[in-house]
Amino acid sequence: MHIAEGYLPPLHAVAWTVVAAPFVVHGARAVVRQVQEEPETRLLLGAAGAFTFVLSALKLPSVTGSSSHPTGTGLGAILFRPPVMALLGTIVLTFQALLLAHGGITTLGANAFSMAVVGPWVAYGVYTLARRLGGGLSVAVFLAAALADLSTYCTTAVQLALAHPDATTGVPGALVEFGAIFAVTQIPLAVSEGLLTVLVVRLLTRVSPAELARLGIRPARQEA
Amino acid sequence: MSRFSVVNWLLVLGVVLLAAVPLLVIGSDTEFAGADGMAVERIDESDYQPWFAPLFEPAPETASGLFALQAAIGGGVLGYFFGVARTRRRNAPPAVPPPADPPA
């Protein structure tokens, strides 16, 4: 989902930056508030950021014969709500853009929007809906993390299709092409990310049930 | 082994299989090129010219090292968190009974 440096036309680059910026600023405030109001969850916040850091560094092979990486944003979005991940995800993307030439500064806005805004909000929405419908913690977490991952890559495909419409088939044609590159490759990786996130949440219910309860994450099916 | 541990190991096994099966089934003649790079190739086929180049671009070997560093930092922080949380819980007075296994 990293759109390479310079691969979005200036107008698109600026537009996505303008769209993503308020989410990131709001996210920075949310992180500060979280740390001030619930300092005992600071360590867990760091762990959620670390999870994104690890997962977005892991390029995994997929059944399509290409490789891609998970995003790891679902976990933090479920635990701390999506705004927090808007900042943490953007920090990861900035690290990769500056040090790894992976993604870029001109495409940071677009990449932040897909990975740090769309993914986390999808995760939070899916998690909340699944729990409301009576789903267990593991099922809700799995669906939330997997769909966050997949929606991030679908967003990238849309962004690229808008910027680089096919010469004959236009934006829809380009969307099919970029969708084939990103979304299809991502399906097994999204499942992997779902499984890994369930694993981490299961371990969290063991080692820090008090923090989870404070954040409103309950293993049992009843609504708090 | 408790049910909790069995399920956890099955989750790990699932992730390993999802990564290993493509490598084994599709075979070693596939490059498993990165999807990001494939998108760049697709755009390069048109007459688009990237208008900005990375300020700093590590050599491929250095890049793989930096990716490893990124994963190591993240893994280290995660490990530290679980170590601290586990120790805290172990040292805490047993005020609340340990929770039952969460439903899988």
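**Entry 1: the small sheet**

I looked up A:Ser66 and found its bridge partner, B:Ala33, in strand 1 of chain B. I am working with a predicted model. Next I checked A:Ser67, which stands opposite B:Gly34 in strand 1 of chain B. Then I read off the pairing of the strands. Strand 2 of chain A, residues 66-68, pairs with strand 1 of chain B in the parallel sense, over two bridges.

How many strands form the open sheet? I found three, in the order 1(A)-2(A)-1(B), with mixed pairing. I noted the edge strands too. They are strand 1 (60-61) of chain A and strand 1 (33-34) of chain B, and each pairs on one side only.

**Entry 2: where the chains touch**

I turned to the contact between the chains. Chain A puts in 57 residues and chain B puts in 51. Which element of chain B gives the most to the side that touches chain A? I found helix 3 of chain B, with 16 residues. Helix 1 (3-26), strand 1, helix 2 (35-45) and helix 3 (60-91) of chain B each supply at least two residues to that side. I also sorted the residues on this side of chain B by kind. I got 38 nonpolar, eight polar and five charged.

**Entry 3: helix 3 of chain A**

Is helix 3 of chain A, residues 73-80, largely enclosed or open? Eight of its eight residues are buried, so the rest of the structure largely encloses this helix. I listed some of the buried residues, including A:Thr73, A:Gly74, A:Ile78 and A:Phe80.

What covers them? In chain A, I found that the cover includes helix 1 (10-37), helix 2 (42-55) and helix 4 (82-99). It also includes helix 5 (108-132), helix 6 and helix 7 (170-207) of chain A. I then looked just past the end of helix 3 of chain A. A:Arg81 follows, and its phi is positive, near 75 degrees.

**Entry 4: the nonpolar core**

I looked for the largest nonpolar core and found 94 residues in it. Helix 6 of chain A, residues 137-163, gives the largest share of this core, 17 residues. Nonpolar side chains tend to be buried together in soluble globular proteins.

Which residues have the most contacts inside the core? They are A:Ala123, A:Val141 and A:Ala144. I followed A:Val141 further, leaving out residues up to four places away in sequence. A:Val141 touches A:Ile78, A:Tyr127, A:Thr197, A:Val198 and A:Val201. I had met A:Ile78 already, as a buried residue of helix 3 of chain A.

Key. Residues numbered from 1 in each chain as written. Chains lettered and ligands numbered in written order. Predicted model: local features only at pLDDT ≥ 70, side-chain atom pairs only at ≥ 80, totals over all residues. Core = buried A, V, L, I, M, F, W, Y, C linked by C-beta atoms within 7 Å. Buried ≥ 20, exposed ≤ 12 C-beta atoms within 10 Å, placed from the backbone. Helix = DSSP H or I, 4+ residues; strand = E, 2+ residues; numbered from the N terminus. Contact = placed C-beta atoms within 7 Å. Pairing = 2+ DSSP bridges. Nonpolar A, V, L, I, M, F, W, Y, C, P; charged D, E, K, R; others polar.
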